[in-house]
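Biologist: I have the model open and would like to go through it with you. Can we start with the metal site and work outwards?
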Amino acid sequence: MSTANAYLTVRGIEVDVVYKDIKNLHITVHPPAGRVRVAAPTRFDDDQVRLAVVGRLAWIKRQREQLQAVERQTEREMVTGESHYVWGIRRRLKIVERPGRAHFELNGDRLVLYVPAGTSQDKRLDQLDKWYRAQLREAIPGLIAGWEQKLDVTVPKWTIKRMKTKWGSCNRETRHIWLNVELAKKHPDCLEYIVVHEMTHYFERNHGPTFTALMDAHLPDWRSRRDQLNDAPLADETW
Ligand SMILES: [Zn+2]
């Protein structure tokens with residue numbers, strides 16, 4: 001069976017394409033971010049795939065809205081016993097109610113939230129969001145510094161942001177990079193992959209063969225990191 005991969009952007013939506021010896025084209029939308037994948041017969045080319053995706057845009061948007069609805073429904077209650085992912089590891093949440101400033105600690109396989117009694121679910125979730133951001137703020141500078149050296153470029157500014165459909169993005173003119181706060185839930189390899197991906201956009205705008213070749217040179221195992229980032233089942237993504 002022959003397979004080839006392409007990486008297209010269609011009307012602002014990033015699409016992973018795999019060409020295979022199959023009869024029909026299949027489009028799927030994957031949680032949590034609504035990543036679009038296409039399995040296309042080998043007789044198709046990139047333009048034909050683009051057309052097929054454009055033809056299913058309304059459906060893709062509906063799928064993404066449903067994923068977001070599921071995400072809202074499964075929003076965590078922030079009570080003892082819940083699972084929360086930290087750097088790709090499932091942690092059991094423990095709530096310890098006590099006066100003073102709320103803060104998180106990792107203790108063995110537990111994620112402990114020390115919080116005053118009566119703190120609302122929203123405030124607890126807000127604390128968790130802040131803690132994830134702090135985790136990223138600790139991890140990102142060293143990572144970026146290393147890749148600045150390797151790629152001989154500088155990243156003048158980076159920002160952690162909550163994004164619905166992207167793990168990262170980059171402004172090629174200002175070189176500003178945005179990283180999704182959700183990356184703190186994933187294995188650190190995934191964060192590195194996104195950092196390298198966005199920095200690689202400094203050299204190449206599109207996700208065509210040039211981009212793929214650069215990624216192969218920069219980070220040879222980027223495909224497995226990308227799959228690790230996007231393949232996690234929905235159940236693991238609830239929060
Ligand atoms: Zn990109």
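Biologist: Which residues coordinate the zinc ion?

Modeller: This is a predicted model. In it, His-197, His-201 and His-207 coordinate the zinc ion, each through NE2, at 2.1 Å.

Biologist: How are the donor residues spaced in sequence?

Modeller: The pattern is H-x3-H-x5-H.

Biologist: Is His-201 buried or exposed?

Modeller: His-201 has 7% relative accessibility, so it counts as buried, the cut-off being under 20%. His-207 is buried too, with a relative accessible area of 6%.

Biologist: Now the hydrophobic part. Which residues touch the most other members of the largest nonpolar core?

Modeller: They are Phe-104, Leu-136, Leu-183, Leu-191, Tyr-193 and Met-199, in a core of 43 residues. Elements giving two or more residues to this core include strand E6 (89-97), strand E8 (110-115), helix H3 (121-151) and helix H4 (188-200). Strand E11 (177-180), helix H5 (209-218) and helix H6 (222-231) are also among the elements that do so.

Biologist: Which element gives the largest share?

Modeller: H3, with ten residues. There is also another core, lying apart from this one, of 17 residues. Ile-13, Val-17, Val-49 and Leu-57 are among the residues of that other core.

Biologist: Back to Phe-104. What is it in contact with, leaving aside neighbours within four places in sequence?

Modeller: With that exclusion, Phe-104 is in contact with Met-78, Leu-93, Leu-111, Val-112, Leu-113, Arg-124, Gln-127, Leu-128 and Trp-131.

Biologist: And the hairpin of E7 and E8, how many residues are between the strands?

Modeller: Two, and Gly-108 in that hairpin takes a positive phi near 60 degrees. Strand E7 (residues 103-107) pairs with E8 in the antiparallel sense, over five bridges. One of the bridge partnerships is Asn-107 with Arg-110 in E8.

Biologist: Different topic. In what order do the three strands of the open sheet come?

Modeller: The order is E9-E11-E10, with mixed pairing. Strand E9 (158-161) and strand E10 (168-170) are the edge strands, each pairing on one side only. From one strand to the next, the twist averages 20 degrees.

Biologist: How many bridges join E9 to E11?

Modeller: Four, and the two strands run parallel. Ile-160, for instance, has Leu-179 in E11 as its bridge partner.

Biologist: What packs on the sheet?

Modeller: H3 does, touching E9 and E11. The direction of H3 makes about 150 degrees with that of E9.

Biologist: I was looking at Asp-129. Where does it lie?

Modeller: Asp-129 is in helix H3. At 14% relative accessibility it counts as buried. Leaving aside neighbours within four places in sequence, Asp-129 is in contact with Arg-162 and Val-181.

Biologist: And where is His-176 found?

Modeller: In the loop between E10 and E11. His-176 is buried, with a relative accessible area of 10%.

Biologist: What is His-176 in contact with, again leaving aside neighbours within four places in sequence?

Modeller: Lys-157, Trp-158, Thr-159, Ser-169, Cys-170 and Asn-171. The C-alpha atom of His-176 is separated by 6.9 Å from that of Val-155, which is 21 residues apart from it along the chain.

Biologist: Last topic, the aromatics. How many aromatic pairs does the count come to?

Modeller: Four. One of them is Tyr-7 with Trp-222, a tilted pair at 6.3 Å centre to centre, with 35 degrees between the planes. The two residues are 215 residues apart, Tyr-7 being in strand E1 (residues 4-10) and Trp-222 in helix H6, and the pair links distant parts of the chain.

Biologist: Are Tyr-7 and Trp-222 buried or exposed?

Modeller: Both Tyr-7 and Trp-222 are buried. Tyr-193 and Trp-222 also form an aromatic pair, again at 6.3 Å centre to centre. The planes of Tyr-193 and Trp-222 are 15 degrees apart, and this pair counts as stacked because the angle is under 30 degrees. Tyr-193 sits in helix H4 and Trp-222 in helix H6, 29 residues apart.

Biologist: How accessible are those two, Tyr-193 and Trp-222?

Modeller: Tyr-193 has a relative accessible area of 2% and is buried. Trp-222, at 2% relative accessibility, counts as buried as well.

Biologist: And which residues form the one aromatic cluster?

Modeller: Tyr-7, Tyr-193 and Trp-222.

Key
Residues numbered from 1 in each chain as written. Predicted model: local features only at pLDDT ≥ 70, side-chain atom pairs only at ≥ 80, totals over all residues. Heavy atoms only, no water. Donors = N, O, S within 2.8 Å, 3.2 Å for Na, K, Ca; no water. Buried < 20%, exposed > 50% of the residue type's maximum accessible area, 1.4 Å probe, protein only. Core = buried A, V, L, I, M, F, W, Y, C linked by side-chain atoms within 4.5 Å. Contact = heavy atoms within 4.5 Å. Pairing = 2+ DSSP bridges. Axes fitted to C-alpha atoms, helices over the stretch in contact; angles between N-to-C directions. Phe/Tyr/Trp six-rings, centres within 6.5 Å; stacked < 30°, edge-to-face > 60°.
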